[in-house]
Amino acid sequence: MSIDFRNKNIGIAITGSYCTYEKVFQELEVLAQTGANLYTIFSDHASTTDSRFGKCVDFLQQAETITGRKPITTIPAAEPIGPSALFDILVIAPCTGNTLSKLANGISDTPVLMAAKAHLRNNRPLVVSLSTNDALGMNLKNIGILLNTKNIYFIPFGQDNHIAKPNSMIAHIDLLTATIEQALDNKQLQPVILGPSAD
């Protein structure tokens, strides 16, 4: 049976792990098929930086095409998410190590982090799609903090290249929709730690 998210407002906050964008946007298209009302929020780097994986203007346009809405790209535009209780759930996908560490320490200096702060004030679920080269290094403590923080859930994740990058971990983004379904019911999709992420 397919998942039905009609009448659900879902925010997708996008940060600068550019190498994951192809798969993330593929899963956004899958999520759009559930009938959800989708909104995107781009971090400063995500909305202004071109990389070898593509141009920022093209990703902004792709987000608008999928959702039917222009992305939120500034802190002032993200702040009303809280007072208006806009989202039933917010997903940070991808979530870089930089954003992860700031989230764990209450810093809200980008549109994505302001969206997270604004959303969490409403006691609603936030999902993290991890993508960081230091998950088993300096950021391990921050993962631990967030795993034990109320209303925060993770898309199950694993090492993506344990030989060349032994500290690197990335979410199994194909579990995005399943994780959202569980988080809306205040449950963490299990197991949260999986084997190596598929290429």
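The paragraphs below lead through a predicted model, from its helix packing and cores to some single residues and unusual bonds.

Residues are numbered from 1 along each chain as its sequence is written, and side-chain values use heavy atoms, with hydrogens and water left out. Since the model is predicted, local features need pLDDT of at least 70 and side-chain atom pairs count only at pLDDT 80 or more, while totals for chains, interfaces and linings use all residues.

A good place to begin is helix α5, which covers residues 97-104; helices (H or I, at least four residues) and strands (E, at least two) are DSSP runs, numbered from the N terminus. Six of the eight residues of α5 are buried, so this helix is largely enclosed by the rest of the structure; here buried means under 20% relative accessible area, exposed means over 50%, and partly exposed lies in between, with a 1.4 Å probe and protein chains only. The buried residues of α5 are Gly 97, Thr 99, Leu 100, Lys 102, Leu 103 and Ala 104, and what covers them includes β3, α6, β4, α7 and β5. After α5 comes Gly 106, with a positive phi near 70°.

Two packed helices are described by the angle between their axes and the distance between the axes. Helix α5 packs against helix α7 (residues 140-147) at an angle of about 50°, and their axes are 9 Å apart, where axes are lines fitted to C-alpha atoms, for helices over the stretch in contact, and angles run from 0 to 180 degrees between N-to-C directions. That angle makes α5 oblique to α7, because angles under 35 degrees count as roughly parallel, over 145 as roughly antiparallel, 65 to 115 as roughly perpendicular and the rest as oblique. The crossing of α5 and α7 is left-handed, a term used if the near helix is turned anticlockwise from the far one by less than a right angle, whereas right-handed is used if it is turned clockwise. In this packing, Leu 100, Ser 101, Leu 103 and Ala 104 of α5 meet Asn 142, Ile 143, Ile 145 and Leu 146 of α7, contact meaning heavy atoms within 4.5 Å. By class, the contact of α5 with α7 has six nonpolar, two polar and no charged residues; Ala, Val, Leu, Ile, Met, Phe, Trp, Tyr, Cys and Pro count as nonpolar, Asp, Glu, Lys and Arg as charged, and the others, Gly among them, as polar.

Just before α7, in the loop between β4 and α7, lies Asn 139, which is buried, with a relative accessible area of 4%. Leaving out residues up to four places away in sequence, Asn 139 touches Gly 97, Leu 100, Ser 101, Thr 132 and Asp 134.

A second helix pair is formed by α1 (residues 21-32) and α3 (residues 56-67), whose axes come within 10 Å and cross at roughly 15°. That makes α1 roughly parallel to α3, and the crossing of this pair is right-handed. The contact is made by Tyr 21, Phe 25, Leu 28, Glu 29 and Ala 32 of α1 with Phe 59, Gln 62, Ala 63 and Ile 66 of α3, and its residues divide into seven nonpolar, one polar and one charged.

The next topic is the nonpolar cores, each a set of buried Ala, Val, Leu, Ile, Met, Phe, Trp, Tyr and Cys residues joined through side-chain atoms within 4.5 Å. In the largest core, which has 30 residues, Ile 41 and Phe 154 touch the most other members. Each of β2 (37-42), β3 (89-95), α5, α6 (111-120), β4 (126-132), α7 and β5 (152-154) supplies at least two residues of this core, and α6 gives the most, with six residues. A second, separate core has 29 residues, including Phe 25, Ala 46, Ile 155 and Leu 176.

Finally, some details of the backbone deserve attention. Most residues other than glycine have a negative phi, and most peptide bonds are trans. In this model, however, a cis peptide bond with omega about 0° joins Ala 93 and Pro 94, and Pro 94 is found in strand β3. The bond from Gln 190 to Pro 191 is also cis, with omega near -10°. Asn 7, although not a glycine, has a positive phi of about 75° and counts as exposed at 73% relative accessibility. Asn 123, in the loop between α6 and β4, has a positive phi near 60° and is partly exposed, with a relative accessible area of 46%.
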